[in-house]
Structures are given as C-alpha cells and as structure tokens.
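Colleague: I have a structure open on my screen and would like to learn how to read it. Could you walk me through some features, one at a time?

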Amino acid sequence: MSIDAPIKEAAAVPPFKATTVTDYEEVEITRSHGGRVATISWATTGKKLNPLTVALTNELRTAVHEVNADESIHVVVFRGKGGYFCCGDDLVEIHEGLWGNPNQVMKRIRYYQEFAQSIEELDKTTLAVVEGFALGGGLETAMACDFVLAAETCKWGMPEVDNSMTPGWGGTTRMIRYIGRRRTKEINMLGALQSAQRGVDWGLFNATVPDADVDSEIERFIDMILVKNQQTLRQLKFVLNKNADADMATALAFEVMNEVITSSNNWREDTPLIPDAEPGVGLRAFAEKGEVWNTRREKAIDFWAQ
C-alpha cells in the first residue's frame with residue numbers, strides 16, 4: 001500500500017455468542033444517551049431473587065461480549081430487575097445435577113470466571129446497581145464492575161459455607177483485594193449478611209443511597225462519566241486493573257508508559273512527534289517490502305539464531 005492509499009475501514013471485533021443463546025429471554029440490553037450507555041438487566045424466569053441459572057449465565061455472558069464489541073458504548077450498567085440484583089448461583093440446579101461431575105464443575109467454574117473477567121476487562125466504565133440481595137455469584141458479578149452503587153436496604157454476603165460450598169469466581173480472590181484478609185475471612189467463613197453501609201465502609205461498594213433515589217443517582221453518575229475523555233478513562237481502567245496485582249517497580253513502569261500514551265494523544269493539538277518515532281513506517285515497510293524492511297530483516301533474521 002502506498003503512502004497515499006486510503007486506509008481501509010477497520011474490521012469490527014465480533015461479539016461472542018453462547019451456542020445455546022439464539023435470543024435473549026431473561027436478559028435485556030437497553031441503550032440510551034445517544035447509544036453511549038447500555039444497561040444490561042435480567043430477571044430469572046420462575047425464580048425468586050434472580051438466581052444465576054445456567055441459562056441466565058449464558059445470556060449474561062453473551063450480553064457482555066455484545067456490548068464489548070460496540071465501540072459507541074462508553075458506560076455499561078448492570079442491574080437486576082424486580083428490585084433484586086442476584087442471590088447467587090442456582091443451588092437447586094446444582095442439587096439436581098446440572099453442574100455434573102467434579103471435572104464438569106471445574107469447567108463450569110472456569111467458564112464463570114471468564115464471565116467475571118470479561119466484565120472486569122470491558123473497555124468501558126461499568127456500574128453495578130445492587131438492590132435487594134447480592135449474594136454469592138451475584139456479589140462476585142458486582143465486584144467485577146468498576147463501581148458499585150447500593151440501595152440502602154440491600155444485603156450482601158457469601159453464605160456458601162452453610163451449604164458446604166466455597167466461592168469459585170471471585171468471592172475470595174477479588175474480595176480479599178478489596179477488603180483485606182481478615183474481613184474476607186469473616187464474610188466467607190461466618191456467612192452473615194451485611195448492610196449496604198458496611199459495604200461502603202469496608203471499600204467494597206462506592207456509595208449507598210435511599211432506594212427511592214437509585215434511579216436518579218444512576219443518571220447523575222452517567223452524566224458525570226460521559227463528559228470525561230473516554231480514551232483516558234479506558235487507559236486509566238486498564239492500568240489500574242493491571243497494577244493492582246503487580247509489584248511496585250512494574251506498576252510504576254506501567255504508569256510511565258501510560259502517561260506517554262496519554263500525552264501523545266490528548267495533551268495539545270500541537271504535541272510534537274517524538275523525533276525518532278516512525279508513525280506508519282513499519283507497516284508501510286512491510287506492505288511495500290522496500291529498502292527499510294529488507295535492510296532490517298537482513299540484519300535481524302539470523303542474528304544469534306540457531
């Protein structure tokens with residue numbers, strides 16, 4: 001491709017879709033604010049408190065990948081319908097055998113871990129709106145979001161211990177990074193249900209508001225986020241998530257690289273190019289197979305090779 005040739009339109013990243021999901025039955029994706037905000041909401045058919053059935057989880061996982069593929073979306077809100085976020089994995093299904101043998105259980109837990117990771121790594125700002133109950137897998141879903149807004153009457157916890165179970169996709173690992181070892185032991189080993197305010201006080205939630213004010217607080221949050229530079233928000237989210245588990249030297253190095261990227265994109269219209277940078281040269285050299293590419297490859301292709 002010559003230097004004057006038009007750049008082709010970027011190939012879209014396709015959304016993932018579970019093979020069992022042909023259409024959403026329990027999940028709804030609504031778009032607002034000119035398409036910049038997506039709300040993923042759900043209601044478990046025939047069940048109280050919105051448990052995470054196998055079918056609902058497949059739909060939620062698909063919905064997350066759908067919004068991830070849409071670059072026009074900047075904010076994603078996660079909210080259960082009917083005043084309840086989620087009471088966790090459907091223990092009735094587990095008792096009935098839907099999770100299978102221990103090897104199949106391991107596969108399912110890893111599948112659910114990927115679901116939580118896909119939320120945490122969305123290149124959009126995410127808000128979990130916790131109402132009613134956020135227990136077990138429901139709390140694990142909320143913890144994967146960037147921000148958590150809790151209705152003041154909601155209750156949260158990890159009661160798995162009293163069902164002879166342990167959390168599998170964040171109830172110990174993500175939680176211990178948010179609230180520390182001793183409190184995470186309390187939540188998981190005692191199994192008590194906690195207040196929304198305690199979630200805020202301990203650093204698990206961001207804010208709690210009266211139930212009647214939840215809708216207006218969501219709107220207030222969205223209005224605040226949408227006025228920001230979205231490219232900067234994406235960079236901040238990425239570096240914060242990665243640095244949380246990195247050693248100090250690596251994290252600081254990552255911050256340096258992040259600031260360089262930020263300055264090159266956002267600081268001034270007249271931000272100078274780095275003198276020895278080569279914008280576009282590498283790809284053009286490869287496409288044209290000219291002197292630059294041939295020289296570099298000739299010098300490098302066998303260097304210290306065996």
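Modeller: Happy to! Let's start with Met175, which is found in helix α5. Keep in mind that this is a predicted model.

Colleague: Is Met175 buried or exposed?

Modeller: Met175 has a relative accessible area of 0%. Buried means under 20%, so Met175 is buried.

Colleague: Which residues is Met175 in contact with, leaving aside its neighbours within four places in sequence?

Modeller: Those contacts are Leu139, Met143, Met158, Gly170, Gly180, Thr184, Ile187 and Asn188. For a residue elsewhere, take Thr19: from C-alpha to C-alpha it lies 31 Å from Met175, and the two are 156 residues apart in sequence.

Colleague: Now salt bridges, please. What is the general idea, and how many does the structure hold?

Modeller: In general, side chains of opposite charge can pair when their charged atoms come close. This structure holds 16 salt bridges. One of them joins Lys47 to Asp90, with the closest N and O atoms 3.1 Å apart. That pair links distant parts of the chain, 43 residues apart: Lys47 is in the loop between β2 and α1, and Asp90 in the loop between β3 and α2.

Colleague: Where do those two stand on the buried or exposed scale?

Modeller: Lys47 is partly exposed at 34% relative accessible area, whereas Asp90 counts as buried at 4%.

Colleague: Which salt bridge ties helix α3 to helix α5?

Modeller: Look at Glu120 and Arg174, whose side chains meet at 2.9 Å, N to O. Glu120 lies in α3 and Arg174 in α5, so the pair ties together parts that are 54 residues apart in sequence. Glu120 and Arg174 are buried.

Then find Lys237 and Asp146, another salt bridge, with 3.0 Å between the closest N and O atoms. Lys237 lies in helix α9 and Asp146 in the loop between α4 and β6, so this pair ties together parts that are 91 residues apart in sequence. Lys237 counts as buried at 11% relative accessibility, while Asp146, at 25%, counts as partly exposed. Salt bridges can also share partners, and in this way Arg31, Glu66 and Asp70 are joined into one network.

Colleague: What about aromatic rings: how many pairs are there?

Modeller: The count comes to 12 aromatic pairs. To read one, check the distance between the ring centres and the angle between the planes. For Trp42 and Phe85 the centres are 5.2 Å apart and the planes are at 75°, so the pair is edge-to-face. Trp42 lies in strand β2 and Phe85 in the loop between β3 and α2, so parts that are 43 residues apart in sequence are tied together. Trp42 is buried, and so is Phe85.

Phe286 and Trp293 are edge-to-face too, because their centres are 6.2 Å apart and their planes at 70°. Phe286 is partly exposed at 47% relative accessible area, and Trp293 is partly exposed at 26%. The charged end of Lys289 sits over the ring of Phe286, 3.6 Å from its centre, and also over the ring of Trp293, 5.1 Å from its centre.

Colleague: Last one: how do I read a sheet?

Modeller: Strands of a sheet pair through backbone hydrogen bonds, either parallel or antiparallel. Here, three strands form an open sheet in the order β5-β7-β8, with mixed pairing. β5 and β8 stand at the edges with a single partner strand each, so one side of each has no neighbour in the sheet. Strands β7 and β8 run antiparallel and are joined by two bridges; the bridge partner of Trp156 in β8 is Gln194.

Definitions and conventions
Residues numbered from 1 in each chain as written. Predicted model: local features only at pLDDT ≥ 70, side-chain atom pairs only at ≥ 80, totals over all residues. Heavy atoms only, no water. Pairing = 2+ DSSP bridges. Helix = DSSP H or I, 4+ residues; strand = E, 2+ residues; numbered from the N terminus. Salt bridge = Lys/Arg side-chain N within 4 Å of Asp/Glu carboxyl O. Buried < 20%, exposed > 50% of the residue type's maximum accessible area, 1.4 Å probe, protein only. Contact = heavy atoms within 4.5 Å. Phe/Tyr/Trp six-rings, centres within 6.5 Å; stacked < 30°, edge-to-face > 60°. Lys NZ or Arg CZ within 6 Å of the ring centre and 35° of its normal.
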